Structure formats: structure tokens, C-alpha cells
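Here is a brief report on one protein model. It covers the nonpolar interior, a surface patch and the confidence of the prediction.

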Amino acid sequence: MLYVGLDDISYGLEAVPVRCEEGVEPPDFKYTPENVVGPGADLDPAEVMFTGCSCQSTPCSAITCQCLRHSNNYEHRCLQMDEAAGTTSMPIFECNVMCSCGEFCPNRVVQRGLQTHLLLFQTERKGLGVRSLEPIAKGQFVCEYAGEVLGLHEARRRVKHQQPSDPNYLIAVREHLHSGQVMETFIDPANIGNIGRFLNHSCHPNLVMVPVRIDSMVPRLALFAAQDIQAGEELCYDYSGRFQNFSGSVKLQEESVKDRVPQKPCHCGTKSCSGSLPYEADLYHRTSEEESDPGVA
């Protein structure tokens, strides 16, 4: 039986309360259900950057809706997954505040926010973790990984000042565009974040992270169920971004570099466990140009 302590660690900011197991004291941080602009960010995630669709008389579909650029993103509000790859290989754009379609549009899922009842609990070896209080179907949206959107210099500054014992919440997303360009996004929920900051790593997880764009070009890092999940099961994702990401379009965190940064042990307990947690190796390196830049702390 799961005993609920605190009623809602989101303080009413989520569509459903985020519970906390009795006896568990969450750390001090500011809760936000969505990304917020942080130091050095090139784009404000709150800025509306897309024109929106004109669908009114017919439901939004890939045939008529300009937001659905490749195919329908969802079926019955669950992510359309490529069965061969295990996840979607196409960029996802949801309908936004500028669209003519209504709130019940089938292409509005992540923007509806948290809909699943989750519980923050104390794990045996991994610190705090998150489990679901209800069954979750494969492809169902679970939660975001939300926090401060940072610029590269600020992301590197924060990593540099971390102690080996400090948890590293900062995540780097690199999206490789057809033009050959690489779009980088750095999100840190350490001080300002949501329930996603408590999700633990697993080398064989039950969640998959997918960038989803709604109003802004800043992606929202949406976590979907990679399989059917039972009530009471711990929710985990792969910090490296490799799980079910065979297209190479998204790269979340680099493999560890053993001779440069001490590795933290992985306690996921799966048969495929690598033994150590992945992290963003590039943030520990600098080019000679960056080293000489006085603006880089």
C-alpha cells in the first residue's frame, strides 16, 4: 500500500496533484510545470513563434492541418510510435494558442499538462524517485522534464561549479536538422523545475523522452510510456537519450569520459546495466576560444 504524505508538491500548478510519500521531505526548489527562460538563453520558451492552423470545420489531421507536418502525432492521445524504431522519428509540433481548432483537438496532448497521478518516494539506493499511482498505457504522455532554459556558457558554468557528490539535473538536447545544422537546448531543473527532475535513470527504462514543440521553437521534453506500466511501478528514462532513439535526430547526453570526470555508479538493477550513469561530456570541455573568453566563468 502506498501512503500519501504531502498533498501536492506542485502547489496546485499541475492539472492533478503530485503526491509525496509519508515521511519523505522534498528538497527546496521552485516548482514550474513548464520551461522558463534562464541565463543566456537565446529564445524565451514563453514566446509564441508559430502562426497556427486554420482548422475549424474538420478535426486536425495530417491531410489538412499545417501543424501536422508529417503525420498524425497521436492516436487516442497516445504517441504514434514507429514499431521498428520503438518511437517517433519525425519532429512533433502540437497545435498552439494561435490555432483555430479547439481545446479538444487530438493534436493537443503535452500542453494539457500532467494528467497522471504520480508519487514522489524514497528509493533504496537511488535517492528520491517517482512512481505512478495508476496504470499507464504504452504511448501515453506522463510528464515533462521542465526547468530553466540556459545558454551554453551558463550551462558550462553550472557544471564546472558542481561538486562530485552533487546531483546533475542539467540535460542537453542536440537535434540534427536536415540542413546539417545542430540545434542545442540546455535545460536545468535543479533550482526551478517540475516532477520530472526526480525521475531516475535506467539502462532499460519504461519511459522515452521526445522533444515536442507547441508555441515556441524551444522544445518541451515530453516523457511518454515506452510500454504498458503498472500502478506502483517506478518511472525511469535513459539519461543518455539512446533508448529507442535509433534515428539519430536527437542526442541527449554523451557517453562518459572516464579519464576526465569521475563516473557515478548506476543502481538501476537491470540486466543491461552499464554500471555507471551517463552525463553530458561536452559541457566539461572548452575550445581554446572559449577558454580565452572572459565572459565564460
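## Cores, patch and confidence

Outside its neighbours within four places in sequence, Ile195 is in contact with Ile9, Val18, Tyr31, Leu118, Val130 and Cys143. This is a predicted model.

Ile195 belongs to the largest nonpolar core, which has 34 residues. Tyr145, Ile195, Leu235 and Tyr237 touch the most other members. Six strands are listed below; each supplies at least two residues of this core.

| Strand | Residues |
|---|---|
| Strand 7 | 118-122 |
| Strand 8 | 128-132 |
| Strand 9 | 141-144 |
| Strand 11 | 171-176 |
| Strand 14 | 207-213 |
| Strand 15 | 220-225 |

Strand 15 gives the most, with three residues. A second core is separate and holds 14 residues, among them Leu79, Val110, Ile214 and Ala226. In soluble globular proteins, nonpolar side chains tend to be buried together.

Some nonpolar side chains lie at the surface instead. Val48, Val97 and Met98 make a nonpolar surface patch of about 270 Å². Val97 sits in the loop between strand 6 (92-93) and strand 7. Is Val97 buried or exposed? Val97 counts as exposed because its relative accessible area is 56%, and the cut-off for exposed is over 50%.

Now the confidence. The protein chain has a mean pLDDT of 83, and 79% of its residues reach 70 or more. Over residues 246-251 the pLDDT is below 50; this stretch has 15 contacts in the model beyond near neighbours in sequence. Residues 286-297 also have pLDDT below 50, with 13 such contacts. Where pLDDT is low, the predicted coordinates should not be read in detail.

Technical notes:
Residues are numbered from 1 along each chain as its sequence is written. This is a predicted model: local features need pLDDT of at least 70, side-chain atom pairs count only at pLDDT 80 or more; totals for chains, interfaces and linings use all residues. Side-chain values use heavy atoms; hydrogens and water are left out. pLDDT is the predictor's confidence in each residue, from 0 to 100. Contact means heavy atoms within 4.5 Å. A nonpolar core is a set of buried Ala, Val, Leu, Ile, Met, Phe, Trp, Tyr and Cys residues joined through side-chain atoms within 4.5 Å. Buried means under 20% relative accessible area, exposed over 50%, partly exposed in between (1.4 Å probe, protein chains only). Helices (H or I, at least four residues) and strands (E, at least two) are DSSP runs, numbered from the N terminus. Patches are made of residues with over 30% relative accessible area and no salt bridge: like charges are joined within 9 Å, nonpolar side chains (Val, Leu, Ile, Met, Phe, Trp, Tyr) within 5 Å. Accessible areas come from the Shrake-Rupley method with a 1.4 Å probe; for residues, only the protein chains shown count as cover. A salt bridge is a side-chain nitrogen of Lys or Arg within 4 Å of a carboxyl oxygen of Asp or Glu.
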